[in-house]
Amino acid sequence: MARRAGADSDAKRMSIRFADVPEAPAPALALLGSDGTILEWGEGCRRLLGHRAEDVVGLSARRLLETPVEAVRWSPAPGAMGQLGGRQATSAVVKVGHRDGGSLRLTVEVIALTGADGESCRLVAVTEAPDGVRTAEAEAALLDRSPLAVAVWDADTRPLWSNRTCREVVGRSGTEAPTRSTRRVVRGFDRTVVEPVIRQALTSREPVGDHVLRWVSPEHGREVVFSSCLFPLAPRGGDPLGVCTVSLITKSGQRERLALLGRAANQIGTTLDVMTTAQELADMAVPALADYVTVDLVDTVPLGGEPLKRMPEAPSGIPVFRRAGQSSVHEGVPEAAFLVGDVVYVPPGSPFLTALYGDQSYFEPTMETGPGTWLDRDPQRRLLIHNTGMHSVMMIALRARGTILGIAVFTRTDNAVPFSRDDLLLAEELCVQAALSLDNARRYTRERAAALALQRSLLPQELSGGAAADLAGRYLPSDRHEGVGGDWMDAIGLPGGRIALVIGDVIGHGINAAAAMGRMRTAVHTLAALDQHPAELLDHLDKVTAQLAESTWSPGYSSIAGGSCAYAVYDPATRICTLARAGHPPPMLVTPDGHATIAETPVGPPVGIGAGRYESVDLELPEGSLLAFFTDGLVESRHGDIDAGLERLLTALERPPASLDDLCARVISRMTTASPPEDDIALLVARTRTGDSGRAAARKGHRRPAA
């Protein structure tokens, strides 16, 4: 408001900023000396009365007054307006001459300011008084009627006066006696934020606009967000005596909370891993809501099991949680008593257990850490709280579907403003989102663990070709399906020293595919025991698979109907390998001299759909020949042609090493170098044997069926 270089433009900018606020008239402000001399003349006064600053600054305010409705004395005599009757502020109704010769009936509000050197000034706010207003009604003048929160602070950043809106917002009565104690009056404000910006305005002698300030009720936790403009109050050529703050009560707090919840919906639960989800919750809340956040999960959650509702007490406390995530505004997380992955112990009777087993969150805006609190039984935490300056805490249980998953703890250290009830509601909303994601991850982890256990129990633990062949295999799950698919391979000993080599790929992924794979593998073993011809075996497998799929169907159950399969029988005595395929890629044949080709074999429809019969082919293999069976995940991808994949596989099989394990490693490495596999991969390689040793092994291993 001061009349100096740039002041007019500053005042105009401030006026424009609040121009669209309903019922928010721009205040006409002036600064008077203790003797009534006009020291500064604001732009609002010029618009209201027409007098320019250069025409009135230095004159006595009496020159502008006509007969006052109520006598206004500017002298410092006791009881006069100069001393404001012992108060910091008062108001009156006066008649003031306009520059055009007319007069206006005005209400003036006067607020006393005293500098460090004892110099006294008066901040005067002026507005037109409606006709018929009585002197007693002058208290409801401009600043009290304004929806803007107006306050005056002295040069020591102590509050001197506030209007009705400001008092109502922060819960102070209009009759409460003012005090010069900043700590008492500014309870709920973060003084580390308030005082620097006031000092900035005092030092620069320039207005400060768009300063966002939060006030939190110490009693109720209610939060109010102010968007403030600060005007330095200084006589011409003198030191600033104070600051006037004009604040718009905004809803930016709600907008920020909604924005935070929106970000949380996208950034919490990005994976199906409980530890990652817990860390995402901690990272989301710091520093937007808290200075330090921990997320502790019930110990069995990361393992995928059902969490325990209660745990036994141990000598060092109750092992209720395991630390899954934590975040701090300080590097190195000095507030942490436990590291991520550690078991977290808490003493009996602590608020952790109150929040975990109670019906509501634990909320302590101002932490009590003295003797007689639960910290008597937890000296380590007491020391950390003291050393890091923790002063406000919220503890919120993480629950989903009635199950306790863990607890999230929010604390403030550097932020001097205590948590509010609004903060608690926001934290609870974040925890609800996180708990749902944690529950999804927990259920997924449990299902995946069950599917992997089922799959591993159904796959052969080791492959043996007996005297007929040397075998090696690889199973590589894709990252896309978290290691649970329907690919499988097997080697089955047959009468006469022969060996059956089988590879298959069940449609789909997950526990249903693993179960279907187990049924198909069992069916193949049963049919192989009947020593059926490969084409005949696939024909029976097609029928059995279709019947099993129909018999296991039920509402809400996604049944696996079929898949592909390649079945080969090798006889070392004749060196004949009989092959049949049901919708499966053809095997590769590598001759003893290292040349690789695709084994030309007829192909039939996948098993389980009953679409047709199957044919087989007989291949005579020299001793030392190599057969490579594989599933389509090895050669096929969304971004590559399958023919190109087959050519790459042929190249990888050329001139194989002596060790079949080394060959499998080479094939997998070369075929998956460009990108991770998009589908599960199964690879089975066999190097044939023949000669007397093979026949002898066949006779020794042949047994007649039991009667």
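Select Trp374 to begin: this residue is buried at a relative accessible area of 13%, where buried means under 20% relative accessible area, exposed over 50% and partly exposed in between, with a 1.4 Å probe and protein chains only. The model is a predicted one, in which local features need pLDDT of at least 70 and side-chain atom pairs count only at pLDDT 80 or more, while totals for chains, interfaces and linings use all residues. Residues are numbered from 1 along each chain as its sequence is written, and side-chain values use heavy atoms, with hydrogens and water left out.

Add Phe352 to the selection, which is also counted as buried, at 6% relative accessibility. The structure holds 1 aromatic pair, and Phe352 and Trp374 form it edge-to-face, with 5.9 Å from centre to centre and 85° between the planes. For this term, rings of Phe, Tyr and Trp (its six-membered ring) pair if their centres lie within 6.5 Å, and planes under 30 degrees apart count as stacked, over 60 as edge-to-face and the rest as tilted. Phe352 belongs to helix H10 (residues 351–357) and Trp374 to the loop between strand E14 (362–364) and helix H11 (379–388), so the pair ties together parts that are 22 residues apart in sequence. Helices (H or I, at least four residues) and strands (E, at least two) are DSSP runs, numbered from the N terminus.

Move next to Thr245 in strand E10 (residues 242–250), a buried residue with a relative accessible area of 9%. Its side chain makes a polar contact with the side chain of Trp153 at 3.3 Å; such a contact is a pair of N or O atoms within 3.5 Å, where within protein one must be able to donate a hydrogen and the other to accept it, and residues adjacent in sequence count only if both atoms are side-chain atoms. Leaving aside neighbours within four places in sequence, Thr245 is in contact (heavy atoms within 4.5 Å) with Ala149, Val150, Ala151, Trp153, Cys229 and Leu230.

Then select helix H9 (residues 274–285), whose end C-alpha atoms are 17 Å apart, in agreement with the 16 Å that its 12 residues should span at 1.5 Å a residue, the expected span being 1.5 Å times one less than the number of residues. At the N-terminal end of H9, Asp273 acts as a cap, with a side-chain oxygen 3.2 Å from the backbone nitrogen of Met275. Buried residues in H9 include Val274, Thr277, Leu281 and Ala285.
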